[in-house]
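Biologist: I would like to learn how to read strands, helix packing and burial in a model. Could we work through one case?

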Amino acid sequence: MSDFSGLGVALATPFTSSGALDLPAFRRLVRHVAAHAEVLVVLGTTGEAPTVHGAERDELILAALEESGGRRVVAGTGSNDTAAAAALTRRAQELGAHGALVVTPYYNKPTPKGLALHYRALADAAPGLPLIAYNVPGRTALNVLPAGLALLWENPQVVAVKESSGNLAQIAEIARTLPSGKQLLSGDDGFALASIAVGAVGLTSVLGNLLPKEAKALVDAARAGRMEEARALHFRLLPLMDALFLESSPIPLKSALRLMGLAGDTLRLPLSPAEPATVARLTLALRDLGLDLPGAA
């Protein structure tokens, strides 16, 4: 179960208008996505993991597993507190998750040695559970360069990296030096085509919450070398990809889910609702794709 290639979707976490966990809406979203995605990621950045705690985390992981249709379920278990991340990783394994997505510790800014020890502690806490290192320097203030990643690859449980540096030269170097048995995953919809072209084997998508069939078609075409088809899909979806990141994710995604009638748009502080200009851009991008928008005003 250490293969996380293909389309992965970083699932949003729906909340009710009062801010409570909306588990029925989450289950509907999982079913919508699982019809096409190979991997379901719960409690990642897109799932507002920093503001989801305790029993809510268990409920989301279990619901994802129950609604997955046999798809691989990965739980976000990262923290800048190694002991807390280890406990979250152990719990994800106990609940039956097939892997853990572990963001590099934010704020602390560990050295490469400290980072390697962090992942070692998580592996020790959940023996045998595959770990996906998540490099997203725009959120963590720490960019894991290929030399630092080489230290993580020495840990047999670190089987993949979700790369969200936005630096294609860095992504290409990771692909060039990737050890056998390890996987490179694109962490950005807009970089999926380019990342796969240089060696990534999958995408962890935000767009896939809305259009999992189209996101999968893009990934499949790129992986199969059907580049003309992949480019056409990329260009068709690009306005929506861009609109989904006009503000901090998942703010625009939550609005798009409401527009499409898939879930509500409630966020937990410190995230605030999308600005009207963002909603307008999302509405235009979705309508240009020929989609019905039952949630539009």
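Modeller: We will take a strand, the helices beside it, and then a single residue. Keep in mind that this is a predicted model.

Biologist: Where do the side chains of a strand point?

Modeller: In a regular strand the side chains alternate between the two faces of the sheet. Here, take strand β4, residues 99-103. G99, L101 and V103 lie on one side of β4, and A100 and V102 on the other.

Biologist: Are those two faces of β4 buried or exposed?

Modeller: Both are covered, with the named residues on either side all buried. Buried here means under 20% relative accessible area. Because five of the five residues of β4 are buried, the strand is largely enclosed by the rest of the structure.

Biologist: Which strands pair with β4, and in what sense?

Modeller: Strand β3, residues 72-76, pairs with β4 in the parallel sense over three bridges. Strand β5, residues 131-135, also pairs with β4 in the parallel sense, over four bridges. A100 can be followed in both pairings: A100 is the bridge partner of A75, and the bridge partner of A100 in β5 is L131.

Biologist: Which helices belong to the β-α-β units that include β4?

Modeller: Helix α3, residues 82-95, forms a right-handed β-α-β unit with β3 and β4. Helix α4, residues 112-125, forms a right-handed unit of this kind with β4 and β5.

Biologist: How is the packing of two helices described?

Modeller: The description uses the angle between the helix axes and the distance between those axes. For α3 and α4, the angle is about 35 degrees and the axes are 8 Å apart. Their crossing is right-handed.

Biologist: Which residues meet between α3 and α4?

Modeller: From α3 come T82, A85, A86, T89, R90 and Q93, and from α4 come H118, A121, L122 and A125. The residues of this contact comprise five nonpolar, four polar and one charged.

Biologist: And a single residue: why does Q170 count as buried?

Modeller: Q170 has 6% relative accessibility, and therefore counts as buried. The residue is found in helix α7, residues 168-176.

Biologist: What does Q170 touch, leaving out residues up to four places away in sequence?

Modeller: Q170 touches N135, N143, V144, L145, P146, E163 and S165. Take P146 as an example of sequence distance against spatial distance: Q170 and P146 are 24 residues apart in sequence, and their C-alpha atoms are 7.3 Å apart in space.

Notes. Residues numbered from 1 in each chain as written. Predicted model: local features only at pLDDT ≥ 70, side-chain atom pairs only at ≥ 80, totals over all residues. Heavy atoms only, no water. Buried < 20%, exposed > 50% of the residue type's maximum accessible area, 1.4 Å probe, protein only. Contact = heavy atoms within 4.5 Å. Pairing = 2+ DSSP bridges. Right-handed = clockwise from strand over helix to strand, strands pointing away. Axes fitted to C-alpha atoms, helices over the stretch in contact; angles between N-to-C directions. Left-handed = near helix turned anticlockwise from the far one by under 90°. Nonpolar A, V, L, I, M, F, W, Y, C, P; charged D, E, K, R; others polar.
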